[in-house]
Amino acid sequence: METWPKNFKLIQYNELDSTNSEAKRLAFKDEINTCVFSRIQINGKGSRGRKWISGSKNLTASFLIYPSGNFIEFSHRTFVASLALFDSFVYSGIKNKDLTLKWPNDVLLKQRKVSGILLESVVNKNSKKSALIIGIGVNLYSYPNKINQLSSSKIKPTSLFSILGHKTPSADQMLIYIANSLQFWEKKYNQYGFGYIKNAWLNFSYTIGKKLEVELKGKMLKGSFFGINDNGSLNILVEKRVVEINVGDVFIYN
């Protein structure tokens, strides 16, 4: 895992508006799996239209790939990327027990937000073929004091430096870990399907029955974790009824 994987072309920048935006601009120029990495990102995007704030020593990168499949299969890559981040953090020195995979796209470090994943797709107007962009941000050395004023601020931010100190990997080294791990889990997905990925993800997520709170369109829904289904939706048990959640902010009861 110490060397760059052969199946990804690496393009590096000192500064970009957004690595996802650059990946969109590069899509279909050669249809080679590509990683876009920038030292500084000045207009980063988070999930659901939010802004991703990153310091100069943190990691911002996007992986441009060309998988086959439909929209649901594309969305499965959220879980593929989450597993890749989990493994990368463990490889960096973080203990398994300090990490939790939170639906749909967070890896929590001691129940604090340390990273973000943003999936976007782009369609070739001529061939109608789709490309998938997996944007990844990691708080390596710093994190914003205020993520934003939305409900997601209930989950406080943190950094790998808060645990690893001087052993925290550089952005370059972390990128190598992530690229190799992403390649590994993408291969598992292609070989064994989403069922394999789902089971692996559940091993590092909440336990069944864990009390959760989901915000949907400004309203709070309280229940308990009941796993995820085969399209990647969250299942929560609310008063003996299983409710399927496709989008929303999830909070964990202390």
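This report describes the fold of one protein chain, from its overall make-up to single residues.

## Overall make-up

The model is predicted. The protein contains six helices and 13 strands. It has 254 residues, and 54% of them count as buried. Its accessible surface comes to about 12700 Å², and carbon and sulfur atoms account for 50% of that area. Among contacts between residues at least 6 apart in sequence, 66% join residues at least 24 apart.

## The five-stranded sheet

Strands of a sheet pair through backbone hydrogen bonds, either parallel or antiparallel. One open sheet here has five strands in the order E1-E2-E3-E8-E7, and its pairing is mixed. Strand E1 (9-16) and strand E7 (115-123) are the edge strands, each pairing on one side only. On average, neighbouring strands of this sheet are turned by 20 degrees against each other, direction ignored.

E7 and strand E8 (residues 130-138) run antiparallel and are joined by nine bridges. One residue pair can be picked out: Leu-118 has Gly-135 in E8 as its bridge partner.

Two helices lie across strands of this sheet. Helix H3 (residues 77-92) lies across E7 and E8, and runs at about 145 degrees to E7. Helix H5 lies across E1, strand E2 (34-41), strand E3 (59-65) and E8, and its angle to E3 is about 30 degrees.

H5 itself covers residues 171-192, which is 22 residues. From its first C-alpha to its last, H5 reaches 31 Å, close to the 32 Å expected at 1.5 Å a residue. Gly-193, just after H5, takes a positive phi of about 85 degrees.

## The three-stranded sheet

An open sheet of three strands has the order E4-E5-E6, with antiparallel pairing. E4 and strand E6 (112-113) stand at its edges with a single partner strand each, so one side of each has no neighbour in the sheet. A hairpin of three residues joins E4 to E5. H3 takes part here as well: this helix lies across E4 and E5, running at about 170 degrees to E4.

Strand E4 (residues 99-102) is covered on both faces. Leu-99 and Leu-101 are buried on one side, and Thr-100 and Lys-102 are buried on the other.

Bridges within this sheet and in one further strand pair are set out below.

| Strand pair | Sense | Bridges |
|---|---|---|
| E4 and E5 (residues 106-109) | antiparallel | four |
| E5 and E6 | antiparallel | two |
| E11 (residues 234-238) and E12 | antiparallel | five |

Single residues show how these strands line up. Leu-99 has Leu-109 in E5 as its bridge partner. Leu-108 is bridged to Lys-113 in E6.

## The E11-E12 hairpin and Ile-245

E11 and E12 form a hairpin with two residues between them. Glu-239, in the turn, has a positive phi of about 50 degrees. Across the pair, Leu-237 has Val-242 in E12 as its bridge partner.

Ile-245 belongs to strand E12 (residues 241-245). Is Ile-245 buried or exposed? Its relative accessibility is 2%, so Ile-245 counts as buried. Not counting residues up to four places away in sequence, Ile-245 touches Trp-103, Val-214, Leu-216, Leu-221, Ser-233, Leu-234 and Ile-236. The C-alpha atoms of Ile-245 and Asn-229 are separated by 9.9 Å, and these residues are 16 apart along the chain.

## The nonpolar cores

In soluble globular proteins, nonpolar side chains tend to be buried together. The largest nonpolar core of this protein has 55 residues. Which residues have the most contacts inside it? They are Leu-59, Phe-63, Phe-89 and Leu-160. H5 supplies the largest share of this core, nine residues.

Phe-89 can serve as an example. Leaving aside neighbours within four places in sequence, Phe-89 is in contact with Ile-94, Leu-99, Val-107, Val-114, Ser-115, Val-138, Leu-160 and Met-174. Another core, of 11 residues, lies apart from the largest one. Among the residues of this other core are Leu-16, Tyr-66, Ala-131 and Ile-133.

Terms used. Residues are numbered from 1 along each chain as its sequence is written. This is a predicted model: local features need pLDDT of at least 70, side-chain atom pairs count only at pLDDT 80 or more; totals for chains, interfaces and linings use all residues. Side-chain values use heavy atoms; hydrogens and water are left out. Buried means under 20% relative accessible area, exposed over 50%, partly exposed in between (1.4 Å probe, protein chains only). Contact means heavy atoms within 4.5 Å. Accessible areas come from the Shrake-Rupley method with a 1.4 Å probe; for residues, only the protein chains shown count as cover. The expected span of a helix is 1.5 Å times one less than its number of residues. Two strands pair if DSSP finds at least two bridges between them. Axes are lines fitted to C-alpha atoms, for helices over the stretch in contact, and angles run from 0 to 180 degrees between N-to-C directions. A nonpolar core is a set of buried Ala, Val, Leu, Ile, Met, Phe, Trp, Tyr and Cys residues joined through side-chain atoms within 4.5 Å.
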